[in-house]
Amino acid sequence: MNATRKAPSLAAAKPTAPFFGFVDVYANATNPARAAFVARTFLAKRIDMKNILPLSVGAAASGLLYREHELRNRAERLSAATLETLLNAIDANDAQTGAHVRRVAIYALILGKAADLDERTLRSVERVALFHDIGKLHGALSDIFHEQSKLTPEERRAVRTHPQRGADVLAPLSAFYPDLGKGVAAHHERWDGSGYPRGLKGKRIPFVARVVAIADSFDAITYRRRYSNARSFAEATRAISAGRGTQFDPELVDLFLTRPVQARIGKALREANMPRKKRSTNRRRGETQSVPDITFRWRPRSLEPQSQDRQP
Ligand SMILES: [Fe+2]
């Protein structure tokens, strides 16, 4: 009995699914008639490609999104590392200024959050607060700031250059942080126009600089300076209140004087006065912190006051 091979049925050669059309053609390669039929069927149903196209586009888009996420992640790490390096430079030059700018940043962020600022503006406030005195990293100015005798008129004039010097130092970052240099340059401007270096008045003073000005003055009052002992929280609050509409933005002063803000500022001041915590790393043994991973690490250290620059 001759076993005759059954001719393949064309009906059985239907592609099972649009995507598998090519697979079907390949699988039927030993049967040209069947393969041709499958290929024709598949090509005739080009509309089925519409089902494939979204999948391909989706996969490509996911790849691009992942790549963009990676690039952004890297840019954020670089930004955090750059800012942390600058802060390290301030510490290395003058630990007291390093502690001062961190406290100012904490107070400024409390006020900024109470003003319901968006995250972007809050980060701007944080940067201006941390780098507002970077212009003091200047040999001659540094000596003047640490001089124990009374300032001469000439020295006073030199001190008044530090906001613009700071803006000049930060100028290369202006493409990335356009508000930084402007805010730093304006942190000694006064609401009534009697400040320096430009004598800006009212809302012509950048908003972030107005926030930082209040925080800066609060810290200047509550910490011992060259000619003044540290004064109490209540005295500092009265001084800020007295500067309403002359030195400071009146609306921000009103906010500063509200009960919740006062409570938070008072808590931050108490924390700043706590004994310094031991660092978790031992630099003598060469243990160092790893590079910043996205976060700009300054807040934990900001709670470590420089006890030697404070009155008992
Ligand atoms: Fe300053």
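This is a short chat about reading the metal site and one helix pair in a predicted model.

Visitor: What should I know before I start?

Guide: The model is predicted, so local features need pLDDT of at least 70 and side-chain atom pairs count only at pLDDT 80 or more, while totals for chains, interfaces and linings use all residues. Residues are numbered from 1 along each chain as its sequence is written, and side-chain values use heavy atoms, leaving out hydrogens and water.

Visitor: Which residues coordinate the iron ion?

Guide: Donors are N, O and S atoms within 2.8 Å of the metal (3.2 Å for Na, K and Ca); water is not among the atoms, so sites may look incomplete. Here Asp133 (OD), His162 (NE2), His187 (NE2) and His188 (NE2) coordinate the iron ion at 2.3 to 2.4 Å. Along the chain, the donors are spaced D-x28-H-x24-H-H.

Visitor: Are His187 and His188 buried or exposed?

Guide: Buried means under 20% relative accessible area, exposed over 50%, partly exposed in between (1.4 Å probe, protein chains only). His187 has 3% relative accessibility, so it counts as buried; His188, at 23%, is partly exposed.

Visitor: How do I read a helix pair?

Guide: Two packed helices are described by the angle between their axes and the distance between the axes. Axes are lines fitted to C-alpha atoms, for helices over the stretch in contact, and angles run from 0 to 180 degrees between N-to-C directions. Helices are DSSP runs (H or I, at least four residues), numbered from the N terminus. Helix H5 (residues 119–131) packs on helix H9 (residues 178–185) at about 45°, axes 9 Å apart.

Technical notes: Helices (H or I, at least four residues) and strands (E, at least two) are DSSP runs, numbered from the N terminus.
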